[in-house]
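Let's take a walk through this protein chain, one piece at a time. Keep the 3D view open and follow along.

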Amino acid sequence: MINAITVAVDAMGGDNAPAAIVKGVVDAVNNNECVTVKLVGIKEAVEAELSKYTYDHNRIEVIGATEVIETAEHPVNAIRRKKDSSMVVAMNLVKAGEADAFVSAGSTGAILVGAQAIIGRIPGVKRPPLAPVLPTAKGPLVLVDCGANVDSRPDHLVLYARMGSIYSEYVLGIKNPRVGIANNGAEEEKGNQLVKDTFPLLKECRGINFIGSVETKDIPQGNADVVVCDGFVGNAILKMFEGVGYTLLSEIKHSMLSTFRGKLGALLIKPSLKKVLKKYDATEYGGAPMLGLNGLVVKAHGSSNAKEIKNAVEQCIQFVDADINVKIRDTLTDVN
(Lines give C-alpha, C1' and ligand atoms only; values in the text may rest on other atoms or scores of the structure.)
Protein backbone atom coordinates (compact mmCIF):
# COMPACT_ATOMS: atom_id res chain seq x y z
CA MET A 1 0.00 0.00 0.00
CA ILE A 2 1.34 3.42 -0.99
CA ASN A 3 1.79 5.84 1.89
CA ALA A 4 0.26 9.32 1.88
CA ILE A 5 2.70 12.00 0.75
CA THR A 6 2.72 15.79 0.40
CA VAL A 7 4.28 17.51 -2.60
CA ALA A 8 5.17 21.21 -2.69
CA VAL A 9 4.73 22.53 -6.25
CA ASP A 10 6.09 25.80 -7.59
CA ALA A 11 2.98 27.14 -9.34
CA MET A 12 4.85 30.02 -11.00
CA GLY A 13 7.76 28.11 -12.57
CA GLY A 14 7.88 27.36 -16.30
CA ASP A 15 6.73 28.80 -19.59
CA ASN A 16 3.10 27.75 -19.07
CA ALA A 17 2.67 28.76 -15.43
CA PRO A 18 0.40 28.92 -13.61
CA ALA A 19 -2.27 27.41 -15.91
CA ALA A 20 -0.48 24.17 -16.89
CA ILE A 21 0.96 23.71 -13.40
CA VAL A 22 -2.43 24.00 -11.70
CA LYS A 23 -4.17 21.69 -14.17
CA GLY A 24 -1.40 19.09 -13.80
CA VAL A 25 -1.69 19.22 -10.02
CA VAL A 26 -5.48 18.82 -10.15
CA ASP A 27 -5.14 15.85 -12.49
CA ALA A 28 -2.56 14.24 -10.20
CA VAL A 29 -4.72 14.71 -7.09
CA ASN A 30 -7.83 13.42 -8.84
CA ASN A 31 -5.89 10.37 -10.02
CA ASN A 32 -4.10 9.54 -6.74
CA GLU A 33 -5.83 9.39 -3.39
CA CYS A 34 -2.50 9.22 -1.54
CA VAL A 35 -1.17 12.63 -2.57
CA THR A 36 -1.72 16.10 -1.11
CA VAL A 37 -0.28 19.16 -2.84
CA LYS A 38 0.80 22.53 -1.51
CA LEU A 39 0.60 24.90 -4.49
CA VAL A 40 2.93 27.84 -3.92
CA GLY A 41 2.60 31.04 -5.92
CA ILE A 42 0.83 34.35 -6.43
CA LYS A 43 -2.33 33.51 -4.55
CA GLU A 44 -4.86 35.35 -6.74
CA ALA A 45 -3.48 33.85 -9.95
CA VAL A 46 -3.33 30.31 -8.57
CA GLU A 47 -6.82 30.43 -7.07
CA ALA A 48 -8.23 31.80 -10.33
CA GLU A 49 -6.88 28.75 -12.17
CA LEU A 50 -8.08 26.32 -9.49
CA SER A 51 -11.61 27.72 -9.74
CA LYS A 52 -11.89 26.14 -13.20
CA TYR A 53 -11.68 22.58 -11.86
CA THR A 54 -13.38 20.08 -9.59
CA TYR A 55 -11.13 18.47 -6.98
CA ASP A 56 -10.90 17.54 -3.31
CA HIS A 57 -10.28 20.91 -1.63
CA ASN A 58 -8.80 19.15 1.39
CA ARG A 59 -5.91 17.87 -0.72
CA ILE A 60 -4.80 21.05 -2.51
CA GLU A 61 -3.67 23.98 -0.38
CA VAL A 62 -2.64 27.30 -1.87
CA ILE A 63 0.30 28.97 -0.14
CA GLY A 64 0.98 32.56 -1.08
CA ALA A 65 4.28 33.91 -2.36
CA THR A 66 4.86 37.47 -3.54
CA GLU A 67 7.85 36.93 -5.83
CA VAL A 68 8.78 34.82 -8.86
CA ILE A 69 12.28 33.76 -9.91
CA GLU A 70 12.65 34.32 -13.65
CA THR A 71 14.74 32.10 -15.91
CA ALA A 72 17.18 34.86 -16.86
CA GLU A 73 18.07 35.77 -13.26
CA HIS A 74 21.42 34.83 -11.70
CA PRO A 75 20.61 31.66 -9.70
CA VAL A 76 22.59 32.45 -6.54
CA ASN A 77 21.40 36.04 -6.34
CA ALA A 78 17.79 35.02 -6.99
CA ILE A 79 17.75 32.41 -4.21
CA ARG A 80 19.43 34.81 -1.75
CA ARG A 81 17.34 37.88 -2.49
CA LYS A 82 13.91 36.51 -3.32
CA LYS A 83 13.09 34.85 -0.01
CA ASP A 84 9.36 35.07 -0.70
CA SER A 85 9.53 33.60 -4.20
CA SER A 86 7.35 30.60 -5.01
CA MET A 87 10.45 28.44 -5.46
CA VAL A 88 12.13 29.35 -2.16
CA VAL A 89 8.90 29.14 -0.15
CA ALA A 90 8.14 25.70 -1.60
CA MET A 91 11.65 24.39 -0.91
CA ASN A 92 11.43 25.63 2.67
CA LEU A 93 8.33 23.47 3.11
CA VAL A 94 10.47 20.42 2.30
CA LYS A 95 13.23 21.61 4.62
CA ALA A 96 10.71 22.07 7.45
CA GLY A 97 9.26 18.60 6.92
CA GLU A 98 5.89 20.00 5.81
CA ALA A 99 6.32 18.41 2.36
CA ASP A 100 8.06 15.25 1.18
CA ALA A 101 8.98 16.51 -2.27
CA PHE A 102 9.31 19.62 -4.42
CA VAL A 103 8.40 20.00 -8.11
CA SER A 104 9.18 22.95 -10.36
CA ALA A 105 9.43 23.71 -14.07
CA GLY A 106 11.29 26.93 -13.27
CA SER A 107 14.92 28.01 -13.65
CA THR A 108 17.22 24.98 -13.60
CA GLY A 109 20.09 26.99 -12.14
CA ALA A 110 17.97 28.38 -9.30
CA ILE A 111 16.59 24.91 -8.52
CA LEU A 112 20.10 23.42 -8.35
CA VAL A 113 21.34 26.21 -6.07
CA GLY A 114 18.23 26.30 -3.89
CA ALA A 115 18.03 22.53 -3.50
CA GLN A 116 21.54 22.34 -2.03
CA ALA A 117 21.40 25.57 -0.02
CA ILE A 118 17.92 25.08 1.44
CA ILE A 119 17.12 21.36 1.46
CA GLY A 120 20.71 20.21 1.75
CA ARG A 121 22.71 17.16 0.68
CA ILE A 122 22.85 13.71 2.19
CA PRO A 123 26.20 13.38 4.01
CA GLY A 124 28.76 11.98 1.59
CA VAL A 125 27.07 13.39 -1.53
CA LYS A 126 29.26 16.21 -2.81
CA ARG A 127 27.60 16.79 -6.20
CA PRO A 128 23.90 15.83 -6.44
CA PRO A 129 23.14 14.95 -10.09
CA LEU A 130 19.99 15.30 -12.17
CA ALA A 131 18.75 11.89 -13.30
CA PRO A 132 16.08 11.94 -16.04
CA VAL A 133 14.53 8.74 -17.32
CA LEU A 134 14.76 8.17 -21.07
CA PRO A 135 12.58 5.78 -23.08
CA THR A 136 14.44 3.09 -25.04
CA ALA A 137 13.59 0.02 -27.11
CA LYS A 138 14.05 -2.21 -24.05
CA GLY A 139 12.48 0.02 -21.42
CA PRO A 140 13.39 3.04 -19.29
CA LEU A 141 16.99 4.18 -18.85
CA VAL A 142 18.36 6.49 -16.14
CA LEU A 143 20.86 9.11 -17.37
CA VAL A 144 23.08 10.48 -14.57
CA ASP A 145 24.05 13.41 -14.78
CA CYS A 146 22.13 15.49 -17.34
CA GLY A 147 23.42 18.93 -16.43
CA ALA A 148 23.75 19.63 -12.72
CA ASN A 149 27.56 19.26 -12.69
CA VAL A 150 29.44 19.98 -15.90
CA ASP A 151 32.83 19.34 -14.27
CA SER A 152 32.76 16.02 -12.45
CA ARG A 153 35.46 13.85 -10.88
CA PRO A 154 35.76 10.05 -11.04
CA ASP A 155 34.44 9.64 -7.48
CA HIS A 156 31.38 11.70 -8.43
CA LEU A 157 30.60 9.37 -11.33
CA VAL A 158 30.95 6.32 -9.07
CA LEU A 159 28.39 7.84 -6.72
CA TYR A 160 26.13 8.60 -9.71
CA ALA A 161 26.31 4.92 -10.60
CA ARG A 162 25.33 3.85 -7.08
CA MET A 163 22.43 6.28 -6.81
CA GLY A 164 21.25 5.63 -10.37
CA SER A 165 21.21 1.89 -9.69
CA ILE A 166 19.07 2.38 -6.59
CA TYR A 167 16.63 4.59 -8.49
CA SER A 168 16.45 2.16 -11.42
CA GLU A 169 15.82 -0.85 -9.21
CA TYR A 170 13.37 0.52 -6.66
CA VAL A 171 11.41 3.09 -8.70
CA LEU A 172 11.56 1.61 -12.21
CA GLY A 173 11.52 -2.01 -11.01
CA ILE A 174 14.64 -3.16 -12.88
CA LYS A 175 16.44 -5.91 -10.96
CA ASN A 176 20.23 -5.76 -11.00
CA PRO A 177 20.28 -2.82 -13.45
CA ARG A 178 23.08 -2.72 -16.01
CA VAL A 179 25.33 0.31 -15.47
CA GLY A 180 27.46 1.75 -18.26
CA ILE A 181 29.65 4.81 -18.69
CA ALA A 182 29.02 7.04 -21.72
CA ASN A 183 32.01 6.77 -24.04
CA ASN A 184 33.11 7.31 -27.64
CA GLY A 185 33.86 3.62 -28.09
CA ALA A 186 33.22 0.23 -26.54
CA GLU A 187 36.87 -0.53 -25.78
CA GLU A 188 38.13 0.00 -22.23
CA GLU A 189 41.07 2.12 -23.38
CA LYS A 190 38.81 4.63 -25.20
CA GLY A 191 37.58 7.91 -23.77
CA ASN A 192 38.79 11.18 -22.29
CA GLN A 193 40.77 11.33 -19.06
CA LEU A 194 37.65 11.40 -16.87
CA VAL A 195 36.30 8.21 -18.44
CA LYS A 196 39.68 6.46 -18.29
CA ASP A 197 40.09 7.34 -14.61
CA THR A 198 36.52 6.37 -13.72
CA PHE A 199 36.36 3.05 -15.60
CA PRO A 200 38.54 0.98 -13.20
CA LEU A 201 36.72 2.46 -10.19
CA LEU A 202 33.38 1.32 -11.59
CA LYS A 203 34.79 -2.15 -12.31
CA GLU A 204 35.77 -2.47 -8.64
CA CYS A 205 32.61 -0.88 -7.25
CA ARG A 206 30.59 -3.26 -5.10
CA GLY A 207 26.82 -3.29 -5.40
CA ILE A 208 26.49 -2.27 -9.04
CA ASN A 209 26.28 -4.32 -12.23
CA PHE A 210 28.88 -2.50 -14.33
CA ILE A 211 28.90 -3.54 -17.99
CA GLY A 212 31.55 -1.16 -19.34
CA SER A 213 31.37 1.58 -21.95
CA VAL A 214 28.17 2.53 -23.74
CA GLU A 215 28.32 4.47 -27.00
CA THR A 216 25.62 7.09 -27.36
CA LYS A 217 24.22 5.33 -30.43
CA ASP A 218 23.40 2.36 -28.21
CA ILE A 219 21.42 4.37 -25.65
CA PRO A 220 18.11 4.39 -27.63
CA GLN A 221 18.49 0.62 -28.05
CA GLY A 222 18.42 0.17 -24.29
CA ASN A 223 21.80 -1.56 -24.03
CA ALA A 224 22.10 -0.31 -20.44
CA ASP A 225 19.67 0.60 -17.67
CA VAL A 226 21.82 3.34 -16.11
CA VAL A 227 24.30 5.51 -18.00
CA VAL A 228 26.71 7.74 -16.06
CA CYS A 229 28.57 10.76 -17.39
CA ASP A 230 29.45 14.32 -16.44
CA GLY A 231 26.67 16.91 -16.76
CA PHE A 232 28.09 18.46 -19.95
CA VAL A 233 27.99 15.17 -21.86
CA GLY A 234 24.69 14.16 -20.28
CA ASN A 235 22.97 17.39 -21.23
CA ALA A 236 24.17 17.01 -24.83
CA ILE A 237 22.79 13.44 -24.90
CA LEU A 238 19.47 14.54 -23.44
CA LYS A 239 18.99 17.49 -25.80
CA MET A 240 19.90 15.40 -28.85
CA PHE A 241 17.54 12.65 -27.72
CA GLU A 242 14.68 15.11 -27.33
CA GLY A 243 15.48 16.96 -30.55
CA VAL A 244 15.62 13.84 -32.72
CA GLY A 245 12.36 12.58 -31.21
CA TYR A 246 10.57 15.86 -31.88
CA THR A 247 11.94 16.10 -35.44
CA LEU A 248 10.98 12.52 -36.33
CA LEU A 249 7.47 12.99 -34.97
CA SER A 250 7.04 16.21 -36.96
CA GLU A 251 8.31 14.59 -40.16
CA ILE A 252 6.04 11.56 -39.74
CA LYS A 253 2.99 13.79 -39.22
CA HIS A 254 3.90 15.95 -42.21
CA SER A 255 4.45 12.95 -44.51
CA MET A 256 1.19 11.28 -43.51
CA LEU A 257 -0.99 14.35 -43.71
CA SER A 258 0.45 15.87 -46.89
CA THR A 259 -1.44 13.56 -49.30
CA PHE A 260 -4.83 11.85 -49.44
CA ARG A 261 -3.17 8.42 -49.59
CA GLY A 262 -1.06 9.32 -46.58
CA LYS A 263 -4.14 10.33 -44.60
CA LEU A 264 -5.82 7.00 -45.37
CA GLY A 265 -2.69 5.15 -44.29
CA ALA A 266 -2.52 7.22 -41.12
CA LEU A 267 -6.02 6.12 -40.16
CA LEU A 268 -5.05 2.46 -40.56
CA ILE A 269 -1.86 2.63 -38.51
CA LYS A 270 -3.05 5.19 -35.93
CA PRO A 271 -3.59 2.70 -33.04
CA SER A 272 -0.16 1.08 -33.52
CA LEU A 273 1.54 4.43 -34.03
CA LYS A 274 0.05 5.86 -30.83
CA LYS A 275 1.32 2.84 -28.91
CA VAL A 276 4.85 3.28 -30.25
CA LEU A 277 4.87 7.04 -29.68
CA LYS A 278 3.71 6.59 -26.10
CA LYS A 279 6.55 4.12 -25.49
CA TYR A 280 9.09 6.72 -26.61
CA ASP A 281 7.44 9.69 -24.88
CA ALA A 282 9.88 10.93 -22.22
CA THR A 283 7.14 13.01 -20.57
CA GLU A 284 5.53 9.76 -19.38
CA TYR A 285 8.26 9.54 -16.72
CA GLY A 286 7.80 13.04 -15.29
CA GLY A 287 10.80 15.27 -14.62
CA ALA A 288 14.41 14.74 -13.60
CA PRO A 289 14.90 13.95 -9.90
CA MET A 290 17.94 15.44 -8.18
CA LEU A 291 19.55 12.53 -6.37
CA GLY A 292 21.36 12.72 -3.04
CA LEU A 293 19.37 15.42 -1.24
CA ASN A 294 17.67 15.36 2.17
CA GLY A 295 14.35 15.62 0.36
CA LEU A 296 13.15 14.92 -3.17
CA VAL A 297 13.51 17.64 -5.81
CA VAL A 298 12.11 17.07 -9.31
CA LYS A 299 12.98 19.43 -12.16
CA ALA A 300 10.31 19.41 -14.88
CA HIS A 301 10.86 20.80 -18.38
CA GLY A 302 10.52 24.55 -18.64
CA SER A 303 7.89 24.05 -21.34
CA SER A 304 5.96 21.44 -19.34
CA ASN A 305 2.28 20.99 -20.05
CA ALA A 306 -0.29 19.69 -17.57
CA LYS A 307 0.47 16.06 -18.43
CA GLU A 308 4.15 16.47 -17.59
CA ILE A 309 3.37 18.16 -14.26
CA LYS A 310 0.90 15.39 -13.39
CA ASN A 311 3.52 12.75 -14.16
CA ALA A 312 6.16 14.64 -12.17
CA VAL A 313 3.89 14.64 -9.09
CA GLU A 314 3.17 10.93 -9.56
CA GLN A 315 6.90 10.30 -9.91
CA CYS A 316 7.30 11.78 -6.42
CA ILE A 317 4.84 9.21 -5.06
CA GLN A 318 6.95 6.32 -6.36
CA PHE A 319 10.24 7.86 -5.21
CA VAL A 320 9.10 8.62 -1.67
CA ASP A 321 7.21 5.34 -1.27
CA ALA A 322 10.37 3.43 -2.23
CA ASP A 323 12.43 5.30 0.43
CA ILE A 324 15.10 6.12 -2.15
CA ASN A 325 16.89 8.65 0.08
CA VAL A 326 17.06 6.13 2.94
CA LYS A 327 18.54 3.54 0.58
CA ILE A 328 21.11 6.08 -0.68
CA ARG A 329 22.11 6.91 2.92
CA ASP A 330 22.43 3.21 3.72
CA THR A 331 24.58 2.63 0.64
CA LEU A 332 26.94 5.46 1.59
CA THR A 333 27.16 4.15 5.15
CA ASP A 334 28.14 0.70 3.86
CA VAL A 335 30.84 2.21 1.65
CA ASN A 336 32.29 4.36 4.41
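## Strand 1 and its partner

Look for Ile 5 in this predicted model: its bridge partner in strand 2 is Val 35. That pair belongs to a longer match-up, since strand 1 and strand 2 (residues 35-41) run parallel and are joined over six bridges.

Now look at how the side chains of strand 1 are arranged. Ile 5, Val 7 and Val 9 point one way, while Thr 6, Ala 8 and Asp 10 point the other way, and all of them are buried. Is strand 1 enclosed or open? Six of the six residues of strand 1 (residues 5-10) are buried, so the rest of the structure largely encloses this strand.

## Strand 11, with a partner in each sense

Next, jump to the other end of the strand numbering. Strand 11 covers residues 296-299, and it sends Leu 296 and Val 298 one way and Val 297 and Lys 299 the other way. All four are buried, and yes, that includes the lysine.

Which strands pair with strand 11? Strand 4 (residues 101-104) does so in the parallel sense, over four bridges. Strand 10 (residues 288-290) does so in the antiparallel sense, over three bridges. Val 297 is a handy place to see both pairings: Phe 102 stands opposite Val 297, and Met 290 stands opposite Val 297 too.

Strand 10 and strand 11 form a hairpin with five residues between the strands. In that hairpin, Gly 292 takes a positive phi near 95°.

## Two residues, two settings

Let's put two helix residues side by side. Leu 201 sits in helix 7 (residues 193-204), and Ser 168 sits in helix 6 (residues 154-170). They are 33 residues apart along the chain, and their C-alpha atoms are separated by 20 Å.

How do they fare for cover? Leu 201 has 36% relative accessibility, so it counts as partly exposed. Ser 168 has 0% relative accessibility, so it counts as buried; the cut-off for buried is under 20%.

Their contacts are worth a look as well. Leaving aside neighbours within four places in sequence, Leu 201 is in contact with Pro 154 and Val 158. With residues up to four places away left out, Ser 168 touches Val 142, Gly 173, Ile 174, Pro 177, Asp 225 and Val 226.

## Zooming out to the whole chain

Time to step back. The protein chain has 11 helices and 11 strands. Its radius of gyration is 20 Å, close to the 20 Å that the globule rule gives for 336 residues, so the chain is as compact as a globular protein of that length. Along its principal axes, the C-alpha trace spans about 65 × 60 × 40 Å.

How much of the chain is buried? Buried residues make up 51% of the 336 residues. If you take the contacts with a separation of 6 or more, 71% of them are between residues 24 or more positions apart.

## Surface and charge

Finally, the outside. The accessible surface of the protein chain comes to about 15800 Å², and carbon and sulfur atoms account for 52% of it.

As for charge, the chain carries 37 positive and 38 negative charges. The mean positions of these two sets are 4 Å apart.

Technical notes:
Residues are numbered from 1 along each chain as its sequence is written. This is a predicted model: local features need pLDDT of at least 70, side-chain atom pairs count only at pLDDT 80 or more; totals for chains, interfaces and linings use all residues. Side-chain values use heavy atoms; hydrogens and water are left out. Buried means under 20% relative accessible area, exposed over 50%, partly exposed in between (1.4 Å probe, protein chains only). Helices (H or I, at least four residues) and strands (E, at least two) are DSSP runs, numbered from the N terminus. Two strands pair if DSSP finds at least two bridges between them. The radius of gyration is taken over C-alpha atoms; the globule rule is 2.2 Å times the number of residues to the power 0.38. Contact means heavy atoms within 4.5 Å. Accessible areas come from the Shrake-Rupley method with a 1.4 Å probe; for residues, only the protein chains shown count as cover. Lys and Arg count as positive and Asp and Glu as negative; His and the chain ends are not counted. The place of a charge is taken as NZ of Lys, CZ of Arg, CG of Asp or CD of Glu.
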